[in-house]
Each structure stands twice: as structure tokens, then as C-alpha cells.
Amino acid sequence: VAVFEPAQGYDAPLSPLGERAVAAEPRALARAEDGAVIVVSGAGARLTRLSGDELNPGRSVRLARDPRDIVRGRDGALFVSHMVGASITRVDPSLSEAKRISVGLTAASPFAPPVSRSRSGGQGYSLATITTGERERLLAPMVSVDPGDSQRPLATYYGPRDDGIAKHMPTVVSVETQTSELLTPGLVATAIVTHESAAFAACLGIDAVLELDATSRDPMATERRRFSVPAGPTALAIEPGRLLVFSQFSGILSSIPLAASSEPDAIALEYRPTKDVAQLAEGRLLFHRTDDARIADDGLACASCHPEGRDDSLSWTTPEGLRQTLPLAGRIRDTAPYGWLGQQSTPLAYVRNTVGRLGGKGLGPAELEAIVTYVETAAPPPTDVPDAALVARGERLFYSEQLACGSCHVQGGGTDGRHHRFGMSEHEFDTPSLRNVSLSAPYFHDGRYASLEDLLADRRSSMSETHQL
């Protein structure tokens, strides 16, 4: 975390005042009541307090995986959103207690017989608060997800459901900050801000900003207006009389007057992709594009299941059984074959096959290559510096004759490219890469292990003798 002092004039450089190392991938900042800076680290999954001019590190709190944004409530409590897991974490002002608030919804089928099913969710990139009278509400845009069950395997992963319940549904969850009560009864929004009674949500998949009624129990049901913006809206800010929208993919800042009759203005920033990254930029656009019939027949984007090129932490119902979403970023190169059953020999073949399984009409060769280029180039999550002594000891155990982990996960946790049968399963599964494995819970093809500790301690496992450790 770095602190800078702004000088006079837009062209003057910022003066650095100091910096402090924190857990990996700092994502968001908030101010504590006493002025201290609270930092949320994504890959490091930690909340850290920094105080004083020297940014002295204080108490820190371990969080669930993939935290993304933080806001401070009126009573001083801190609320943290998460990219996966359908939850918000509430941290008390003293940073002594962290409580999980589930924001998974329940959707009822409109068809007979009535079906009510609990849903998971993810892509919780942003948070905002709004106060009306004595009540303060937390607004959390996310995607409500139904990964299916064994009763309807053909109607979940491989296409639209046949009972009227969408696999992915955009929602803005409303939570009472004082009681943590979930109010919402019922678009990937990467940013949200409030102004008076309005909530403005930036929606990445449709390149639009939605104006919603922030006071409603279900803000997504009360859309007032929407504004088309350039590709990749990822940040919002309110200034007197206008809303500012930064579109990361196109490098354009849009100024939207809040008066209903005014049109947006666009300010081009310095962003000129060179020829060598033009294919990557196109792949990023295609990867995040929703409602494209060439990719999926129910409107999903690649990023719907692989946010930020990573994974949604869900195990999806398929005709072959549960299949956990694998992360892509940093785990594609030199890890052939692809898929849990290892049926595709190249990333290009796997992307083409996935589009077909999702009911897409098909992409052209250049577009498929662009997506593969983006996925292969996507940077893996950063990691904290581990204890060198523990790493050395773990390496000895990993390659020991007793455990022989390295016989399948060759070359430092890679893959032998072979198939293996486990237990009573009728399938042989491809050996997955272990790159960045600590950031991709749950584990195994069906997500049966919530943590690496659970996996290693399982006495029933036929994989190795790690339970004896």
C-alpha cells in the first residue's frame, strides 16, 4: 500500500510519502473511525489495519477466499464482499471478530409442481451503503447461481433449465447493516455507488450502467434507467451533478449527467493497444461477453464460471456427475490434456468443445484463437512469500518414496498428462496441475474436499498415504 501527496495541477507528479507491504493482491481500502487505513487483500484473503503516517501494521483478520471490496457501516463495522461463495463478511470495529453473512438466495419455480431451491452465487466485486432515516442498508451486486442437482443434470450445465429458473441470475442483494438481515427476496456488476435514493451498478457483461432504486428491498426489480458505456466498466464515482464511469477494456472515462435529459460525454484516456496485444484484447472482450448466442444458448459468458480467469468455487451437475470448475489463469500452458476427463489435447480444442456443450452456435477460428490467447496470458493470482523451511520440508515429503506425490504431479506440481481411476468411479480422471492450488478450493473433480487439509487427512483416499502425516 503506497501513500502519495497530490501536487498542484494535473500535470504535476504525485509525491510518494511512504509504503507498506501487506498480504498478496491488495484490492480495496477503507477508513476506520480513527483514521486508520483498512486493507483487503484478495489472494492473501486477509484484512489488515495500517495506522499513523508510517502505516504501522496492526491487527489483521483472516477472511474467506477471494475478498474484493470493503465498506464501513455507520456503527463502524466493516463489510467485505467476496468473488465466490455467496457471502459477505462482517468484521467488528475492533477487528476481533469476523462473521459470515450468507447471501445465497432461494428461487421458486413458476411452474407446477412448485420447486424451491437454494442457490449459491459469486462475482461480488463491489459494495455500497445507503441510509434512509434511521436505517442503513448494504447493497451487494452479485450473480445468483444454481449449479444443479442430480435430479436435473441435463438441464443445468449443458444449457437452459427447463423449469424456468436461470442458472445465473443478476441480483443486487440488500442487507441491514445493524442486524445483518438479508432483505432481498429473490448482470455481473463490477462496481456500485449510491446517490440520494439511486444505486448505480456497472455491469461488465453488457457494458452498461444501471440506475436502480436503492431503497427497494429488491433493487434489481426497480430499474429506472440504463446507460450504454464503452467496453469493460469496472469503476464508478459520484461528483456533483454527474456519474463518472471508467471502462477498463477501452480506456475511456464517461461522464454521465445525473439530470434525466442529459447525454453522456466520453473522455478518451491514453490507451492504445499495440499490435502484439490486439488479439489478447479481443479475447478479453469475448471472454466477458454475455448474451452472445455464438458462445452459449442461455447467455453465459466464459467469465460467468471463470471470473478473472479463475474459478467460481462451484461443483456443477453434469450427466457424468459433479464436476468442479477448474481455474484457468496461470494453469493452461504445458498442462495438456484438458478437462477432468482429459478428452481435449489443446486449449483450442477444449474451448471449441465447451462452446458446443453450452449450446453456442460457434465462433470463428480467429475468435477462438483470441480467447485462447487471453486465457493462456491471464496472470495467475499472486501469492504471499511462504516460510522457506516449510517449503523445503514439504518438497522432501512431496517427492518421498512414501508419499510419491511427484510421481503424478511432476516438475514442481505439474501434471504427468495421464489418466487415473479413483475408488469406485467409472471414469479415469486427468491429473490436474497444482499451480496456485491454495487459491482454488474446493478440491477433486467433484469438490468433495473443502480444504487441502481435508484432502490430505482422508484415510479413505487411494491417492497416497498422506493421512499418516
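**Exercise 1. A residue in a loop**

Leaving aside its neighbours within four places in sequence, which residues is Thr222 in contact with? Keep in mind as you work that this is a predicted model.

*Solution.* Start by placing the residue: Thr222 is found in the loop between strand E19 (208-213) and strand E20 (223-228). Next, look around Thr222, setting aside neighbours within four places in sequence: the contacts are Glu211, Leu212, Asp213 and Ser216. Then check the surface. Thr222 has a relative accessibility of 24%, so it counts as partly exposed. Finally, try a long view across the model: the C-alpha atoms of Thr222 and Gly413 are separated by 49 Å, and the two residues are 191 residues apart along the chain.

**Exercise 2. Neighbours in space**

Find Ala329 and work out how far Pro381 is from Ala329, both in sequence and in space.

*Solution.* Begin in the loop between E26 and H3, which is the place of Ala329. Count along the chain to Pro381 and you pass to a residue 52 residues apart in sequence, yet the C-alpha to C-alpha distance is 7.7 Å. Now list the contacts of Ala329, leaving aside neighbours within four places in sequence: Glu308, Gly309, Ala378, Ala379, Pro380, Pro381 and Asn436. Is Ala329 buried or exposed? Its relative accessible area is 3%, so Ala329 is buried.

**Exercise 3. A glutamine at a strand end**

Describe the surroundings of Gln324, a residue of strand E26 (residues 321-324).

*Solution.* First consider accessibility: Gln324 has a relative accessible area of 6% and is therefore buried. Then turn to what Gln324 touches, not counting residues up to four places away in sequence. Among these residues are Asp311, Leu314, Ser315 and Trp340. The list also includes Ser440, Ala441, Pro442, Tyr443, Phe444, His445 and Gly447.

**Exercise 4. Two helices crossing**

Describe how helices H3 and H4 meet, giving the distance and the angle of their axes.

*Solution.* Two packed helices are described by the angle between their axes and the distance between the axes. Here the axes of H3 and H4 come within 9 Å, and they cross at roughly 115°. The crossing is right-handed.

Now go down to the residues. From H3 (residues 347-357), the residues Pro347, Leu348, Val351 and Arg352 take part. Their partners in H4 (365-377) are Leu368, Glu369, Ile371, Val372 and Glu376. Sorting the residues of this contact gives six nonpolar, no polar and three charged.

Which residues of H3 are buried? They are Pro347, Ala349, Val351, Thr354 and Val355. Helix H4 is included in what covers them. Last, step past the end of the helix: H3 is followed by Gly359, which has a positive phi near 80°.

**Exercise 5. Charged pairs**

How many salt bridges does the count come to, and what do some of them look like?

*Solution.* The count comes to 24 salt bridges. Take three of them in turn.

- Asp34 and Arg49 meet through their side chains at 2.3 Å, N to O. This pair links distant parts of the chain, with Asp34 in the loop between strand E3 (26-31) and strand E4 (37-41) and Arg49 in strand E5 (residues 46-51), 15 residues apart. Asp34 is exposed at 54% relative accessible area, while Arg49 is partly exposed at 21%.
- Glu308 and Arg68 form a salt bridge at 3.1 Å, N to O. Glu308 is partly exposed at 21% relative accessibility, and Arg68 is buried at 4%.
- Asp292 and Arg294 are joined at 2.8 Å, N to O. Asp292 is buried at 8% relative accessibility, whereas Arg294 is partly exposed at 26%.

To finish, look for a wider arrangement: a network of salt bridges links Glu25, Arg27, Arg65, Asp66, Arg68, Glu308, Arg310 and Asp311.

**Exercise 6. Looking for disulfides**

Why is there no bond between the sulfur of Cys305 and the closest cysteine sulfur?

*Solution.* A disulfide is a covalent bond between the sulfur atoms of two cysteines. The cut-off to apply is a pair of sulfur atoms within 2.5 Å. For Cys305, the closest cysteine sulfur is in Cys302 at 9.1 Å, so the two are too far for a bond. Cys305 is buried as well, at 12% relative accessibility. Repeat the check for Cys405: the closest cysteine sulfur, in Cys408, is 8.9 Å away, again too far for a bond. The total for the structure is zero disulfides.

Key: Residues are numbered from 1 along each chain as its sequence is written. This is a predicted model: local features need pLDDT of at least 70, side-chain atom pairs count only at pLDDT 80 or more; totals for chains, interfaces and linings use all residues. Side-chain values use heavy atoms; hydrogens and water are left out. Buried means under 20% relative accessible area, exposed over 50%, partly exposed in between (1.4 Å probe, protein chains only). Helices (H or I, at least four residues) and strands (E, at least two) are DSSP runs, numbered from the N terminus. Contact means heavy atoms within 4.5 Å. A salt bridge is a side-chain nitrogen of Lys or Arg within 4 Å of a carboxyl oxygen of Asp or Glu. Axes are lines fitted to C-alpha atoms, for helices over the stretch in contact, and angles run from 0 to 180 degrees between N-to-C directions. A crossing is left-handed if the near helix is turned anticlockwise from the far one by less than a right angle, and right-handed if clockwise. Ala, Val, Leu, Ile, Met, Phe, Trp, Tyr, Cys and Pro count as nonpolar, Asp, Glu, Lys and Arg as charged, and the others, Gly among them, as polar.
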